[in-house]
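Here are a few exercises to work through with the model open beside you. Try each task before reading its solution.

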Amino acid sequence: MFFYVAKRLLSAVFIMWAVTTIVFFAMRTVPADPAEVVLGEYATPEALEGFRRAAGLDQPLLVQYKDFMLGLTQGDLGRSLITNQPVADQIISLFPYTLELAIASLLIGALLGIPLGVLTAVKQNTWVDYVGRLFALSGFSFPAFYLGILLLLLFSLHLEWFPIVHSFEDYTLAERIENLVLPAASLGIIQAAYITRLTRSSMLEQLESDYVRTARSKGLAERTVQYKHVLKNVMIPVITAMGLYTGTILGGAVLTETIFNRPGIGKLLVGAIAQRDYTLIQSGLMVFAFVIVIVNLIVDLSYSLFDPRVKYD
Amino acid sequence: MTDTTTSIAVSAPRASLPKVLWSLLTANVGVSIAVLFVVGMVLVAVFAPLLAPYDPIAQSIMKASQPPSAQHWLGTDEFGRDVLSRVIYGARPALLVGTLSVAFAMVVGLPIGILAGLHMGWLDRIVGWCVDIMLAFPSLLLALLIVTLLGSSLPMLIVAIGISNIPLFIRLARSSTLVVKNLEFVQLARTFGASNLRIIVSHIFPNIIGPIIVMGTLSIAGAIREEASLSFLGLGVLPPAPSWGNLIRDGIQNIFDAPHLAVLPGLVLTLAVLAFNMVGDALRDALDPRGLTRRRTGA
């Protein structure tokens, strides 16, 4: 167990280092000169030179890399090229918004998708199954940003259940939840579609297993077989997939936060790309990649909790 | 579990494939409609100049922001451009980026995956690390990064979305090759001195093509969605050229007065993604012998 955890941790650290290195050097291959981007094309050569010196861009690439990695170990992600604010501060202040959006949408996905997947498998080839599969296939095909627009039109514009313009300053808990519902639903419904498909197919596969036949032949009630025996085994692929969906959710958050004008790392990244703020783009991408690596690590290590047969040798 | 699934998929009988596909397409109404939609979309994209009633980028301030009418079935946008014509022309980047980016991912990913599966050892480990690193980026963000670095243009979009799909094909080709390379006929060919290239071309590739076709079709759906997402963010197809993504982006500016400007292109986009997903699902069923058995026995 110890060696497995150590190996997985090392592997995660290696991937995070590789991601950081790739993003760092990729950002340095951009044909545009950050100094010109920030100061404009009419800036004097002296001003451009001064900017490069202040931002450390006049140093050799490997020196810049060493400084960046040293800074990273101390939580320093550099300063925004546009605002000159520490990037780490911006990310720390916005991360909770993206995190709550991701968690809420994953919750909606699981709470809607797992029961629906079980129901469609248990009621295979009935109208319940057909409706569930239609929902799954349609949800699976909806672009997150389009679903967001439709929800906004229906619930904010026509039914007026949720405000169109949200306030993210001095809000109460109720307002915070109110602000979260539609964005989380637009991502969560799509996650629910993925989870429904996966739960249904895993459940159907398990229902054909020998142990299910044995359980039935022992005279166990069908409900006990389905919910006590089968569902446990279905949870492993579902949880693995939910870990993998973190990437989809974070990718979707970029669009959802833009649609709903909601603060978060995704919106920060889109703004940084529009302004060519390379330091901010670099850090935003790294944060997303780190979250995905860490979530996958947690999912990997949590297998034994859901399936005692899994041993880490 | 993955290997079992792959072995079932890769051992599908090749000879009956066209028959299986035909029976599947004619047996299921939903799939038939999806195939017709895909064929229709291709025709619309190819014959867009003949089908579109107006030039999609011709502006006319006199006709700005008109509601749907007999002259302009879907109305006009704020620059007086005919929305229907723009939706019709929007099929072009969607299909071009969708198919070519997946083809790019296949051309790069499949040989790497097959070689990694065939040789294992250090090559497999390095490929595994590269795939893990690429998968640490959400595919949309990876494409976003590449477009930011290389600039927005149709070829760059194809490369960016293609690169973000490469790890999927490497993984699929690797796991399928691992199953096929241990089958008796491949071992026998090796005993008779067949070269690696011959084993790959004559034995491995034809036997893993089934799951690749399925993954390819489903990936086209994903790539169309990704192109639209990037265009929606202003990083894909750049205005005034029409794309379903940038049509939704333009439409959302006017969402209070003319919601159809965002809703209709989005609907066409969703239907296109749905159609490719349905065809991909149907192909998976057709190429999975267990699925076939279930259908034949009416289970």
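**Exercise 1. Where in α10(B) does a kink lie, and which proline comes shortly after?**

Solution. Before starting, note that this is a predicted model, in which local features need pLDDT of at least 70, side-chain atom pairs count only at pLDDT 80 or more, and totals for chains, interfaces and linings use all residues. Residues are numbered from 1 along each chain as its sequence is written, while chains are lettered from A and ligands numbered from 1 in the order in which they are written.

Step 1: go to B:Ile209, where α10(B) has a kink of about 50°. The bend at a residue is the angle between axes fitted to the seven residues ending there and the seven starting there. The proline that comes shortly afterwards is B:Pro211.

Step 2: look at the span. Helix α10 of chain B covers residues 196-232, and its end C-alpha atoms are only 45 Å apart, whereas a straight helix of 37 residues would span 54 Å at 1.5 Å a residue (the expected span is 1.5 Å times one less than the number of residues).

Step 3: move past the helix to B:Gly234, which has a positive phi near 85°.

**Exercise 2. Describe the secondary structure of chain B.**

Solution. Count the DSSP runs, numbered from the N terminus: helices are H or I of at least four residues, strands E of at least two. Chain B has 13 helices and zero strands. Next, take burial: 48% of the 299 residues in chain B are buried (20 or more other C-beta atoms within 10 Å of a residue's own, with C-beta atoms placed from the backbone).

**Exercise 3. Find what chain A brings to its contacts with chain B.**

Solution. Start with the totals: 32 residues of chain A are in contact with 31 of chain B, a contact being two C-beta atoms, placed from the backbone, within 7 Å. On the chain A side, α10(A) gives the most, with seven residues. By class, that side has 25 nonpolar, seven polar and no charged residues. Here Ala, Val, Leu, Ile, Met, Phe, Trp, Tyr, Cys and Pro count as nonpolar, Asp, Glu, Lys and Arg as charged, and the others, Gly among them, as polar.

**Exercise 4. Judge the confidence in chain B.**

Solution. Use pLDDT, the predictor's confidence in each residue, from 0 to 100. Its mean over chain B is 85, and 88% of the residues reach 70 or more. Then check residues 291-299 of chain B, where pLDDT stays under 50 and the model has three contacts beyond four places in sequence. Finally, the model scores ipTM 0.86 and pTM 0.87.

How values were computed. A residue is buried if 20 or more other C-beta atoms lie within 10 Å of its own, exposed if 12 or fewer, and partly exposed in between; C-beta atoms are placed from the backbone.
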